[in-house]
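I opened this entry to keep a record of what I looked up, and I begin with how two helices cross.

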Amino acid sequence: MADLTCPACGAKSGDGLLCSRCLSHLRSDLHTIAALLPELGAPLQRLGSGGGSTGYHSTVPITDAVSDARSVMGNDLVTWACELDMGDLDVTEHADLARWLAARVQRIRSHASADEIADAFYEDARLVSRLTDRRPDRRPVGQCACGKALTATLDASTTACSSCGTTYDVAGWVDARMDDAEDYWLTRDEIVTLLGVNRGTLRSWIHRELTPDADGRLRIGDVRRLMTRSA
Ligand SMILES: [Zn+2]
Ligand SMILES: [Zn+2]
């Protein structure tokens with residue numbers, strides 16, 4: 001009989017549901033969302049409505065990106081809270097919905113779309129962190145000739161060493177490193193961070209044609225082949 005695996009990360013999971021690591025990530029992502037969402041001056045309307053609304057004082061400028069993010073996250077929270085409601089959904093504000101969900105990760109675990117739910121809140125937690133943090137997500141890309149570790153924002157094409165100022169072409173730099181690393185295996189989170197692959201895309205590759213090892217890790221060469229094909 002084939003080993004059962006976690007639908008989100010592909011690691012071994014006794015009952016084929018979300019593994020304990022993915023579950024604790026999910027819980028902490030939901031707490032992150034609950035804590036930071038009010039800083040975006042989170043949406044004023046309430047679920048099921050009837051009008052009554054309380055506002056939050058926004059600590060970041062309400063740009064289009066912020067209001068788009070609010071509606072994406074609000075939609076995820078409302079959709080999944082309603083889907084998972086077993087008659088005990090007693091909150092309406094978005095941050096409260098995140099807390100309500102965080103207290104019910106076991107219920108999420110047994111849902112057929114558990115991996116999709118985990119991915120949605122993973123993205124949302126990063127999104128709200130990025131928007132409230134005022135420090136963009138950075139990923140490690142290597143080491144400068146001067147010895148200093150190099151990082152770059154996720155979508156940057158170049159990066160400068162914070163110590164000596166030398167500028168590097170990020171894509172070329174990462175490609176050169178990854179050419180030497182074809183046979184290394186990375187976790188799904190590492191693939192997302194280091195190679196910049198979208199989690200949803202990676203999940204569909206795993207469902208279709210990528211085979212993780214027993215720890216849910218993927219071979220860099222296989223992932224890059226698919227990245228090239230879909231570029
Ligand atoms: Zn997992
Ligand atoms: Zn340097």
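**Crossing of two helices**

I looked first at H1 and H5, whose crossing is left-handed (the near helix is turned anticlockwise from the far one by less than a right angle). I noted that this is a predicted model, where local features need pLDDT of at least 70 and side-chain atom pairs count only at pLDDT 80 or more, while totals for chains, interfaces and linings use all residues. Residues are numbered from 1 along each chain as its sequence is written, and chains are lettered from A and ligands numbered from 1 in the order in which they are written.

H1 covers residues 20-36 and H5 residues 114-133, and they pack at an angle of about 40 degrees with their axes 9 Å apart (axes are lines fitted to C-alpha atoms over the stretch in contact, and angles run from 0 to 180 degrees between N-to-C directions). That angle makes H1 oblique to H5 (neither under 35, nor over 145, nor 65 to 115 degrees).

**Helix H8**

I then asked which residues of H8 (199-208) are buried, and found Leu 202, Arg 203 and Ile 206 (buried means 20 or more other C-beta atoms within 10 Å of a residue's own, exposed 12 or fewer, with C-beta atoms placed from the backbone). They lie on the same side of H8, because they cover an arc of only 100 degrees around the axis (taken from the directions from the axis to the C-beta atoms). The face turned away from that buried side carries the exposed His 207 and Arg 208.

**Whole chain**

Of the 231 residues of the protein chain, 30% count as buried.

Note on methods:
Helices (H or I, at least four residues) and strands (E, at least two) are DSSP runs, numbered from the N terminus.
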